[in-house]
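Dear colleague,

Please find the structure we discussed below. My notes on it come after.

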Amino acid sequence: MDVGRVIKQLRSAGAHVKMSDLTILVDGEPVDFEFKTTGRLPERAWLQKIYAAHESRRDRAHLVVVAPRATVNAIEWARANRDLTLVLDDRVVRDGEVHMLEETPAAQPATRGPRPYARFAVWRALLAGAPHNDQARLAELAGASQGSVSNALRLLPDDEDAAKLFDEFVAGYPGPGGQSFYWWSDRPVDEQAKQLAARGALLSGDFAADAIAPWRVSERVVGYAKATIDLASDGYVLTDDSDYTTLVTIPSDLTLWSTATAWGREGIVDPVIAAYDVLRTATTGDQDEAVDKLRDYVVRWYAKHADA
């Protein structure tokens, strides 16, 4: 769930969005999100069912339903029901009005089935020097089951070259998933990184890369957390991916913490995840060189520690 993308759409429709006490507020009201990204288009009957379930909980939150598209009948029902907001790729239906979006944020295409997080975690653990012949230990370092380890080993490239495995990971990793929150602050980015680390987040991107293999000046803070972090209490503004200084993700990929430990650097992700995040968040044009430095570091580490 890219919260920033939904915020951009709501604000384009004239809504005021902020976070307070770990709750997202739209026009001052707390909201509950319902996401439908796969399967059939939302129809009126489905919206009515979701709304009835929401009302039965008797909470005071406003319901926001997010989907790529919806049927005409569903849109008309949402327009007639002011207690529900419908957010689609090309329009937002709220307060009885349909707001067409001039610039539709690009949604990531939904993929069927579970993401292969265990396989990619095993690859990262192997690059850290985890033993091939001790699947129990490899499972521990990867944060995966032994069955997942066995499957991952079968899918290793025939030529298990560290640089090739690094490149295949960076090109093929499906992303951490989960919920992403974009924040903006005028504080220096190194201060923002320290604040996020003090909240218990696992740093990635530029700041992780700088701790491993320094090359580029850090421009943004990227971190992973196991629960929502409300930076509004520190004066940050909740924003979207068009203008942010700190990105906090509560990932679906929980192996990030296991492989960070496997690489032995407290408070930062492993160098392979760091490289992935540098490439997806950098804007200054020197990110490829920074990733090259990380690749060189991984290759040297692997040569020294593989099956040691």
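The notes below go from the whole chain to a few places in it.

Please keep in mind that this is a predicted model.

Overall picture. The protein has 12 helices and 12 strands. Its C-alpha trace spans about 65 × 45 × 35 Å along the principal axes. The radius of gyration is 21 Å, which agrees with the value near 19 Å for a compact globule of 308 residues. Of those 308 residues, 49% are buried. The accessible surface comes to about 15,000 Å², and carbon and sulfur atoms account for 46% of that. If one takes the contacts between residues at least 6 apart in sequence, 69% of them join residues at least 24 apart.

Asp253. This residue is in the loop between β12 (246-250) and α10 (255-263). Which side chain of opposite charge is nearest to Asp253, which is buried yet has no salt bridge? That side chain is Arg124, 4.4 Å away. A salt bridge would need a side-chain nitrogen of Lys or Arg within 4 Å of a carboxyl oxygen of Asp or Glu, so a separation of 4.4 Å does not qualify. The side chain of Asp253 does make polar contacts: one of 2.6 Å with the side chain of Tyr173, and one of 2.5 Å with the side chain of Thr255. With neighbours within four places in sequence left aside, Asp253 is in contact with Tyr117, Arg124, Tyr173 and Pro176.

Helix α10. Thr255, the partner of Asp253 in the 2.5 Å polar contact, is among the buried residues of α10. Seven of the nine residues in this helix are buried, and α10 is mostly covered. Besides Thr255, the buried residues are Leu256, Trp257, Thr259, Ala260, Ala262 and Trp263. Their cover includes the helices α4 (117-127), α5 (135-142), α11 (271-281) and α12 (287-305), together with the strands β9 (202-204) and β10 (221-224). After α10 comes Gly264, which has a positive phi, near 80°.

Ala152. This residue lies in helix α6 (residues 146-154). Is Ala152 buried or exposed? Its relative accessibility is 2%, so Ala152 counts as buried; the cut-off for buried is under 20%. Not counting residues up to four places away in sequence, Ala152 touches Arg119, Val122 and Trp123. Arg119 is 33 residues from Ala152 along the chain, yet the two C-alpha atoms are separated by 4.7 Å.

Best regards

Key. Residues are numbered from 1 along each chain as its sequence is written. This is a predicted model: local features need pLDDT of at least 70, side-chain atom pairs count only at pLDDT 80 or more; totals for chains, interfaces and linings use all residues. Side-chain values use heavy atoms; hydrogens and water are left out. Helices (H or I, at least four residues) and strands (E, at least two) are DSSP runs, numbered from the N terminus. Buried means under 20% relative accessible area, exposed over 50%, partly exposed in between (1.4 Å probe, protein chains only). Lys and Arg count as positive and Asp and Glu as negative; His and the chain ends are not counted. A polar contact is a pair of N or O atoms within 3.5 Å; within protein, one must be able to donate a hydrogen and the other to accept it, and residues adjacent in sequence count only if both atoms are side-chain atoms. Contact means heavy atoms within 4.5 Å. The radius of gyration is taken over C-alpha atoms; the globule rule is 2.2 Å times the number of residues to the power 0.38. Accessible areas come from the Shrake-Rupley method with a 1.4 Å probe; for residues, only the protein chains shown count as cover.
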